[in-house]
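Here's a quick tour of this structure, from its domains down to a couple of helices. Have a look at it first.

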Amino acid sequence: MAQINQIITELNEKDFNLFREVIYRESGINLSPMKKALVQSRLMRRMRELQIRDFNEYYEYLNENYDDERIHLINCITTNKTDFFREAGHFDYMKNEVLPRYVKENRKSIRIWSAGCSTGEEPYTIAISLLEFFKDKTLPDIKILATDIDTKVLETAMEGTYKEETVKVVDKEVLRRYALKGVGKNAGYYRMKDSVKKMIYFKRLNLLADTFPLKNKFDIIFCRNVVIYFDRNSQVKLFKQFYNYLNNDGYLFIGHSETLTSVSNLFQFRGRSVYGKVL
Ligand SMILES: C[S@@+](CC[C@H](N)C(=O)[O-])C[C@H]1O[C@@H](n2cnc3c(N)ncnc32)[C@H](O)[C@@H]1O
């Protein structure tokens, strides 16, 4: 292993641009020239697995095995940082504004999309928040679609097992209700209970695809900390799609450090990084 590490050549400008183009075309992720060192180290991991020593040789391998290898390439490049109850204000907003409204309206079903769900902390937080809110009320039919382009993070999300360190932000009592504490060889881990898992449907979906294989609209869409990696055109295209997939009285949650100003005038501000449709 160490031997191959030493032999791998440096990623030159020309090869970097070749990979950049494929990555952009496949995922919308727009890598600036400053990201060359990052791309080099991420690609090296994959090249070691394949025992390939040269970036150009890997580019050829990619083209020869395009359908399978493009998935691995994108898996190496995505940034998957996430947390339970990340940007907690959104879950307070759901609890204080959105869900009381749904109770008043006597909603029978709630459909939610976690777009760019990474390793699952976001959709599980959504599910837990809803179950907590409805625990002494009639539970509507809740379905959460959780999608990501990265197949590796989706595997972790589907497994639904997290280190104690990862779930420590979740209130202990709440965690006890919705996750099982591992014992024996599983000590130090928590596994989401089936009652939570069954609310979530995980699927690979590229947010930059021209069409999405989705039939129904959503009441709530979460797309947080995903579009920061897209250029403006890709963002404009995606928010048009979200507009079409959101019910007229729906809510769109974006990352706290993101904004729709200058990207989309299809949405109006409702609260901190929470938007509704302009009708
Ligand atoms: C930084 S994580 C954010 C996770 C979560 N939404 C949160 O805020 O904690 C960004 C996720 O977006 C996904 N992603 C990037 N480009 C994508 C695309 N074109 N289609 C779908 N998902 C994408 C990445 O794989 C990654 O898991």
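The domain assignment splits the protein into domain 1 (2–77) and domain 2 (89–160 + 193–277); such bounds come from an automatic or database assignment. Keep in mind that this is a predicted model, where local features need pLDDT of at least 70 and side-chain atom pairs count only at pLDDT 80 or more, while totals for chains, interfaces and linings use all residues. Numbering starts from 1 along each chain as its sequence is written.

The C-alpha centres of the two domains sit 31 Å apart. Their contact takes seven residues from domain 1 and 11 residues from domain 2, with contact meaning C-beta atoms, placed from the backbone, within 7 Å. On the domain 1 side, helix 5 (residues 66–77) supplies the largest share, three residues. Helices (H or I, at least four residues) and strands (E, at least two) are DSSP runs, numbered from the N terminus.

Now for the ligand. Of the 24 residues around it, Thr 78, Thr 82, Gly 116, Ser 118 and Ile 149 come nearest; "near" here means a C-beta atom, placed from the backbone, within 6 Å. Both domain 1 and domain 2 give residues to this shell, so the ligand lies between them.

The largest nonpolar core has 64 residues, and Ala 127, Ile 144, Ile 221, Phe 222, Cys 223 and Leu 252 touch the most other members. Such a core is a set of buried Ala, Val, Leu, Ile, Met, Phe, Trp, Tyr and Cys residues joined through C-beta atoms within 7 Å. Domain 1 and domain 2 both give residues to this core too, so it lies between them. Leaving aside residues up to four places away in sequence, Ala 127 touches Ile 144, Val 196, Met 199 and Ile 200.

Two helices show buried and exposed residues. Buried means 20 or more other C-beta atoms within 10 Å of a residue's own, and exposed means 12 or fewer, with C-beta atoms placed from the backbone.

| Helix | Buried | Exposed |
|---|---|---|
| Helix 4 (residues 55–64) | Phe 55, Tyr 58, Leu 62 | Glu 60, Asn 63, Glu 64 |
| Helix 8 (residues 151–159) | Val 153, Leu 154, Ala 157 | Thr 151, Glu 155 |

The buried residues of helix 4 pack against helix 2 (13–27), helix 3 (36–50) and helix 5. Those of helix 8 pack against strand 2 (141–148) and strand 6 (200–204). Right after helix 8 comes Gly 160, with a positive phi near 70°.

Definitions and conventions:
Two residues are in contact if their C-beta atoms, placed from the backbone, lie within 7 Å.
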